[in-house]
Amino acid sequence: MKIAVLPGDGIGTEIVAEALRVLETLDLSFETESALVGGAAYEAHGHPLPESTLKLAKEADAVLFGAVGDWKYDKLERSLRPEQAILGLRKNLGLFANFRPAICYEQLVDASSLKPELISGLDILIIRELTGDIYFGQPRGRRTASDGHFPGAEEAFDTMRYSRPEIERIAHVAFQAARKRSKRVTSVDKANVLETFQLWKDVVTEVGEEYPDVELDHMYVDNAAMQLVKAPKKFDVVVTGNMFGDILSDEAAMLTGSIGMLPSASLNASNQGLYEPSHGSAPDIAGKGVANPLATILSAAMMLRFSLNQTEAADRIESAVKHVLAQGLRTADIWSEGTTKVGTREMGDAVVAAITKKTITG
Ligand code: IPM
Ligand code: MG
């Protein structure tokens with residue numbers, strides 16, 4: 001097993017270091033190789049996704065990714081900005097299926113801005129299509145408008161598009177995931193306005209007929225945004241397009257108290273995957289040793305489960321995380337009165353200790 005390790009920028013290096021320590025604690029045989037990505041790669045090689053980094057990622061069984069980005073790169077031309085690295089990896093590896101679970105840990109119920117009764121026991125799975133939609137649709141660009149409200153004015157445009165096979169494959173992913181859970185899928189669209197999402201709705205409905213045991217409903221994205229804060233526990237698996245999924249997954253993250261807790265997996269057709277925390281590079285707290293490493297540690301668990309076929313090791317990481325939360329250890333983002341505030345490294349130490357102890361006592 002070969003893992004490509006791409007820590008990236010900001011807190012990326014600190015949190016990935018903790019996830020690696022956790023992985024090393026488990027008795028697994030794997031090889032890791034690290035490379036620069038994002039702003040760090042731009043500084044060293046003049047490009048956020050150098051050929052060598054892409055090659056390493058392609059040849060690995062899985063990619064463990066930290067985060068990329070810093071405000072100081074906002075003025076660079078788009079193709080050189082750190083975010084292009086993650087978009088390039090998604091596109092080049094064909095990582096079309098993005099899993100973003102939003103689980104509210106019992107000990108963190110009070111960390112959410114929502115009332116405890118709304119989120120206690122929350123366990124939803126957002127499945128976001130990741131290689132299509134307006135993110136990648138061509139044409140896009142800037143030009144002088146030849147029509148519209150202001151002919152002759154400068155304008156910018158992007159193209160929202162989905163093909164039938166792109167929708168079919170993500171729909172299958174969602175229905176199959178639902179079969180392993182409570183057999184309910186909500187497909188989120190904007191079919192009342194957009195052609196792209198009328199096709200989305202039609203195709204998801206057709207694919208749904210192959211899964212008569214799974215209950216399917218459809219919801220417009222504006223309503224879904226509202227229902228997510230009104231009655232989040234009514235959702236189970238949510239499947240949606242790239243842009244709506246980007247937005248709704250951040251919203252869902254906040255239901256759980258902190259985005260610092262949420263892992264993600266992005267898979268291609270051969271189950272090769274990229275695993276990253278759902279949060280960003282947080283340049284404001286980078287280098288201070290205060291970032292929450294749990295989302296990355298939980299991403300490593302998803303990697304063991306989905307790409308490396310190590311279910312038992314994944315379970316051990318996940319129960320170790322629950323254990324440290326039960327011990328009352330909290331990084332700043334999830335800290336509350338009566339709990340113990342710890343830094344990035346101490347949190348990693350605690351997870352390692354919880355795993356080691358379990359090994360000794362069986
Ligand atoms: C995410 C991020 C990315 C996205 C950015 C960094 C390009 O927000 O993974 O959700 O928009 O997909
Ligand atoms: Mg996002």
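**Close-up views of the predicted model**

**View 1. A polar side-chain atom of Asp246 sits 2.9 Å from an oxygen atom of ligand 1.** The protein covers much of this ligand: ligand 1 alone would expose 320 Å², and 73% of that is buried by the protein. The model is predicted. Two further residues make polar contacts here. In Tyr135, an N or O atom of the side chain comes to 2.5 Å from a ligand oxygen. For Arg90, the distance from a polar side-chain atom to an oxygen atom of ligand 1 is 2.7 Å.

**View 2. Six residues form the shell around ligand 1: Glu83, Arg90, Arg100, Arg128, Tyr135 and Asp246.** What is the make-up of this shell: how many residues are nonpolar, polar or charged? Five are charged and one is nonpolar, while the polar class is empty. Arginine appears at three of the positions, namely 90, 100 and 128. The acidic side chains in the shell belong to Glu83 and Asp246.

**View 3. Helices H3 and H4 cross at roughly 45°.** H3 covers residues 51–59, and H4 covers residues 83–93. Their axes come within 11 Å of each other. How are the two helices oriented? They are oblique, because an angle of roughly 45° is neither under 35 degrees nor within the 65 to 115 range. The crossing of H3 and H4 has a right-handed sense.

**View 4. Gln138 and Pro139 are joined by a cis peptide bond.** The omega angle of this bond is about 0°. Where does Pro139 lie? Pro139 belongs to the loop that links strand E5 to strand E6. Strand E5 runs over residues 123–129, and strand E6 over 141–144.

**View 5. Ala282 adopts a positive phi of about 40°.** This residue is not a glycine, yet its phi is positive. Ala282 is part of a loop. On one side of that loop is strand E12, residues 273–277. On the other is helix H10, residues 294–306.

**View 6. Helix H10 packs on helix H11 at an angle of about 160°.** H11 takes in residues 311–326. The two axes are 7 Å apart. H10 is therefore roughly antiparallel to H11: the cut-off for that class is over 145 degrees. Is the crossing of H10 and H11 left-handed or right-handed? H10 passes H11 in the left-handed sense.

Methods
Residues are numbered from 1 along each chain as its sequence is written. Chains are lettered from A and ligands numbered from 1 in the order in which they are written. This is a predicted model: local features need pLDDT of at least 70, side-chain atom pairs count only at pLDDT 80 or more; totals for chains, interfaces and linings use all residues. Side-chain values use heavy atoms; hydrogens and water are left out. A residue is near a molecule or strand if one of its heavy atoms lies within 4 Å of it. A polar contact is a pair of N or O atoms within 3.5 Å; within protein, one must be able to donate a hydrogen and the other to accept it, and residues adjacent in sequence count only if both atoms are side-chain atoms. Accessible areas come from the Shrake-Rupley method with a 1.4 Å probe; for residues, only the protein chains shown count as cover. Ala, Val, Leu, Ile, Met, Phe, Trp, Tyr, Cys and Pro count as nonpolar, Asp, Glu, Lys and Arg as charged, and the others, Gly among them, as polar. Axes are lines fitted to C-alpha atoms, for helices over the stretch in contact, and angles run from 0 to 180 degrees between N-to-C directions. Helices (H or I, at least four residues) and strands (E, at least two) are DSSP runs, numbered from the N terminus. A crossing is left-handed if the near helix is turned anticlockwise from the far one by less than a right angle, and right-handed if clockwise.
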